[in-house]
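Here is a short tour for anyone who likes to see how a chain packs before setting up a calculation. Have the viewer open and follow along, heading by heading.

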Amino acid sequence: MNRRTAFDAAAPTDPALSPGRLVIVSCPFCTYATAPCVSTMAHSLLRTHVATCPKHPMRAIEADNARFRAALERLVGGSDRADLERLQKSAAGRAVVACARARFEEAIAVLLATLPEGK
């Protein structure tokens with residue numbers, strides 16, 4: 001089964017860029033450009049580059065997410081699954097205002113739901 005990604009669907013349909021033709025593809029966010037190669041390889045190289053391009057707008061979103069997650073981890077006092085599950089179980093017994101407890105439990109639930117793989 002040939003699966004197409006959104007990147008493939010946005011690829012130029014110009015016959016000059018058909019498979020087998022030599023092309024140079026450049027990143028719209030930085031100065032990276034592929035060496036002349038067949039178009040399918042060039043698009044694959046560019047797709048791989050964009051995933052780690054330091055100037056891609058997604059890097060700013062990833063950095064913000066990391067900062068927000070770190071602040072939330074400091075707020076609840078845990079960052080890995082064991083800590084968060086322990087805090088989640090003990091939150092119900094804490095002698096805090098119900099509203100504050102609800103926010104605390106919500107913060108733990110968000111951290112657990114967005115926990116990176118293997119952490």
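## L22 and its partners

Leaving out residues up to four places away in sequence, L22 touches P36, C37 and V38. L22 belongs to strand 1, and in this predicted model its relative accessibility of 62% makes it count as exposed, because the exposed class begins over 50%. Another residue to find from here is A42: it sits 20 residues from L22 in sequence, and the two C-alpha atoms are 8.7 Å apart in space.

## The chain as a whole

Let us step back for a moment. The chain has five helices and two strands, and from the N terminus on its elements run α-β-β-α-α-α-α. Of the 119 residues in the chain, 22% are buried. If you take the contacts between residues at least 6 apart in sequence, 37% of them join residues at least 24 apart.

## T34, a buried loop residue

Is T34, in the loop between strand 1 (22-23) and strand 2 (37-38), buried or exposed? With a relative accessibility of 6%, T34 counts as buried, because the limit for that class is under 20%.

Its surroundings are worth a look too. Setting aside residues up to four places away in sequence, T34 is in touch with V23, I24 and V25, and also with A42, L45 and L46. For one of these, I24, the C-alpha atom is separated from that of T34 by 5.4 Å, although the two residues are 10 apart along the chain.

## Helix 2 and its two sides

Helix 2 covers residues 39-50, and its 12 residues should span 16 Å at 1.5 Å a residue; the C-alpha atoms at its ends are 16 Å apart, so the two values agree. Which residues of helix 2 are buried? They are S39, A42, H43, L46 and H49. These residues lie on the same side of helix 2, because they cover an arc of only 120° around the axis. An α-helix has 3.6 residues a turn, so residues three or four places apart point the same way. On the other side of helix 2 you will find T40 and T48, both exposed.

H49 deserves a closer view. This residue of helix 2 has a relative accessible area of 14%, and therefore falls in the buried class, set at under 20%. Not counting residues up to four places away in sequence, H49 touches C27, C30 and Y32.

## Helix 3 and what follows

Helix 3 (residues 57-76) has 20 residues and reaches 29 Å from its first C-alpha to its last, close to the 28 Å expected at 1.5 Å a residue. Its buried residues are R59, R69, E73 and V76. Here too the arc around the axis is only 120°, so the buried residues are on the same side of helix 3. The face turned away from that buried side carries I61, R67, F68, R74 and L75, which are exposed.

Two of those exposed residues also meet each other: the charged end of R67 sits over the ring of F68, 6.0 Å from the centre of the ring. As for pairs between aromatic rings, a search of the whole structure finds zero. Just after helix 3, G77 takes a positive phi of about 85°.

## The nonpolar cores

Which residues make up the largest nonpolar core? There are nine in all: V76, L84, L87, F104, A107, I108, L111, L112 and L115. Helix 4 (81-91) and helix 5 (98-113) each supply at least two residues of this core, and helix 5 gives the largest share, five residues. V76 links this picture to the previous heading, being one of the buried residues of helix 3.

A107 is a good place to zoom in. Leaving aside neighbours within four places in sequence, A107 is in contact with L72 and V76. Apart from this core lies another one, of seven residues, including V23, V25, A42 and C53. Some of these names have come up before: V23, V25 and A42 are among the residues that T34 touches, and A42 is one of the buried residues of helix 2.

How values were computed: Residues numbered from 1 in each chain as written. Predicted model: local features only at pLDDT ≥ 70, side-chain atom pairs only at ≥ 80, totals over all residues. Heavy atoms only, no water. Core = buried A, V, L, I, M, F, W, Y, C linked by side-chain atoms within 4.5 Å. Buried < 20%, exposed > 50% of the residue type's maximum accessible area, 1.4 Å probe, protein only. Helix = DSSP H or I, 4+ residues; strand = E, 2+ residues; numbered from the N terminus. Contact = heavy atoms within 4.5 Å. Expected span 1.5 Å × (residues − 1). Arc of directions from axis to C-beta. Phe/Tyr/Trp six-rings, centres within 6.5 Å; stacked < 30°, edge-to-face > 60°. Lys NZ or Arg CZ within 6 Å of the ring centre and 35° of its normal.
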